[in-house]
Amino acid sequence: KRQKEIIDLVAGEVQLRSKRALIEAFIEENLPKLKPSDNVIQAFESYWTDSKKEAFGELCKAENINPQELEKLLNHYAFANRLPREQEIVDSLNFKPKILERKPIIERVADKIKSFIDTFIEGMGGSV
């Protein structure tokens, strides 16, 4: 019953919608394993950090992005609250896309970076 209340609360919050799947997974996978003496907040933070690292690695691998460059873009977003520009995205890639391929690649990568930011950075008070 308590789990349903939490999930309903998350579903109602606009800012938490992008985080819903991760929060639900934490509740289903980790809450039953916790002892009454365990710190739920620390367990959640650990789970969140691990999930963030995993998603970061998957994004870099899937889009062939240099991890250090992506980290710079995310840190810049956290500092200046500005999404990466097209040229910054191209510069972060481990390859140089052909002129005709640039626009769809940039749009796809930009969408994935925005999704990563919405899920792991916005509203969480953290950075990479």
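**Close-up 1. The N-terminal cap and the C-terminal exit of helix α4 in the predicted model.** At the N-terminal end of α4, N66 acts as the cap, with a side-chain oxygen placed 2.8 Å from the backbone nitrogen of Q68. Helices here are DSSP runs of H or I with at least four residues, and strands are runs of E with at least two, numbered from the N terminus. At the other end, N81 comes just after α4 and takes a positive phi of about 55 degrees. The model is predicted, and local features need pLDDT of at least 70, side-chain atom pairs count only at pLDDT 80 or more, and totals for chains, interfaces and linings use all residues. Residues are numbered from 1 along each chain as its sequence is written, and side-chain values use heavy atoms, with hydrogens and water left out.

**Close-up 2. The length and the two faces of α4.** Helix α4 covers residues 67–80, and its 14 residues should span 20 Å at 1.5 Å a residue, which agrees with the 20 Å between its end C-alpha atoms; the expected span is 1.5 Å times one less than the number of residues. Within α4, L70, L73, L74 and Y77 are buried, where buried means under 20% relative accessible area, exposed over 50% and partly exposed in between (1.4 Å probe, protein chains only). Seen down the axis of α4, the buried residues fall within an arc of 95 degrees, so they line one face of the helix; the arc is that of the directions from the helix axis to the C-beta atoms. An α-helix has 3.6 residues a turn, so residues three or four places apart point the same way. On the face of α4 turned away from its buried side are the exposed residues Q68, K72 and F79.

**Close-up 3. The surroundings of the buried face of α4.** The cover over the buried residues of α4 includes α3 (40–63), α5 (86–92) and α6 (99–121), contact meaning heavy atoms within 4.5 Å. I121 lies in helix α6 and is buried, with a relative accessible area of 6%. The C-alpha atoms of I121 and L74 are separated by 8.7 Å, although the two residues are 47 residues apart along the chain.

**Close-up 4. The packing of α3 against α6.** The two helices α3 and α6 pack at an angle of about 175 degrees with their axes 11 Å apart, which makes α3 roughly antiparallel to α6 (angles over 145 degrees). Among the residues of α3 at this interface are W48, F56 and L59, and among those of α6 are V109, I113 and F116.

Terms used
Polar contact = N/O pair within 3.5 Å; in protein donor to acceptor, adjacent residues only side chain to side chain. Axes fitted to C-alpha atoms, helices over the stretch in contact; angles between N-to-C directions. Parallel < 35°, antiparallel > 145°, perpendicular 65-115°, else oblique.
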